[in-house]
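Student: Could we go through this structure together? I have not looked at it before.

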Amino acid sequence: MSNPLIIPILQVLQDHPEGMSEYQLLQRLRAEGLVLTQAEDDADLALYRQHFLTMNALYRLKQDLLSDGYALSISALKIVLSRLDSRPASALPTLSEDDALARYYLDERELEKMSGEGVRALLTQFWERFAADDRRQGALDRLCLLDGCEWVDVKQAYRKQAFRCHPDRGGCANEFAGVRAAYEVLRQLYEANQAGGENG
């Protein structure tokens, strides 16, 4: 697939060495009449196609620019093109084969097979994952735990907090309920992860 956004994106990034978000990049391309807006009846699918073509161009550039001594950092919030040091090209890092996002956006078949329903399913999965992450972080904070802790740490923290605030020991019923709710959130997420690991 020939991606007509590659050269315009490179020019925009060269003109903005401080970097920009994907949204700002798309706005800049739109202002110059360069974002491909196919005649789509489905607005979600049209937006997905713009996003996919932009990311495809960025990951292609990331690959190509390494040999020229440039690094391209890509995230939704910050895209930055910067000059690497004077290491020989053979010593420069390559695009990691483990980079799932790169593999996804460099595979044009992903664009071809996507439908409006598929885009909406992706958005639903994203928001569900976002909500789960938000609930998880709140539960970790409630039990005074750090991200990345093990299940045994969760159980120990719950026992400690529950013992401290249990109403039978003179504690606050509302605080105990909050501690128990945090434990249940983490238990459900842990069990879902375990089931996903067994099925994967």
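**Rings and helices**

Tutor: Let us begin with a charge and a ring, keeping in mind that this is a predicted model: arginine 83 lies over the face of tyrosine 70, at 4.8 Å from the ring centre.

Student: And rings with rings, how many aromatic pairs does the count come to?

Tutor: The count comes to eight aromatic pairs. One of the pairs is formed by tryptophan 151 and tyrosine 190, which are stacked, with 4.9 Å from centre to centre and 15 degrees between the planes.

Student: Where do those two sit in the chain?

Tutor: Tryptophan 151 is in helix H7 (residues 151–165) and tyrosine 190 is in helix H8 (residues 173–199), so that the pair links distant parts of the chain, 39 residues apart.

Student: Is tryptophan 151 buried or exposed?

Tutor: Tryptophan 151 has a relative accessible area of 17%, and is therefore buried, whereas tyrosine 190, with a relative accessible area of 33%, is partly exposed.

Student: Which residues do ring pairs link into a cluster?

Tutor: The cluster consists of Tyr48, Phe52, Tyr59, Tyr104 and Tyr105, linked by ring pairs.

Student: New topic: at what angle do H2 and H3 pack?

Tutor: Helix H2 (residues 22–31) and helix H3 (residues 43–66) pack at an angle of about 100 degrees, and their axes are 11 Å apart. Angles of 65 to 115 degrees count as roughly perpendicular, and H2 and H3 are therefore roughly perpendicular to each other.

Student: Which residues meet there?

Tutor: From H2 there are Glu22, Leu25, Leu26 and Arg30, which meet Leu47, Gln50, His51, Thr54, Met55 and Leu58 in H3. By class, this contact has five nonpolar, three polar and two charged residues.

Technical notes. Residues numbered from 1 in each chain as written. Predicted model: local features only at pLDDT ≥ 70, side-chain atom pairs only at ≥ 80, totals over all residues. Heavy atoms only, no water. Axes fitted to C-alpha atoms, helices over the stretch in contact; angles between N-to-C directions. Helix = DSSP H or I, 4+ residues; strand = E, 2+ residues; numbered from the N terminus. Parallel < 35°, antiparallel > 145°, perpendicular 65-115°, else oblique. Contact = heavy atoms within 4.5 Å. Nonpolar A, V, L, I, M, F, W, Y, C, P; charged D, E, K, R; others polar. Phe/Tyr/Trp six-rings, centres within 6.5 Å; stacked < 30°, edge-to-face > 60°. Buried < 20%, exposed > 50% of the residue type's maximum accessible area, 1.4 Å probe, protein only. Lys NZ or Arg CZ within 6 Å of the ring centre and 35° of its normal.
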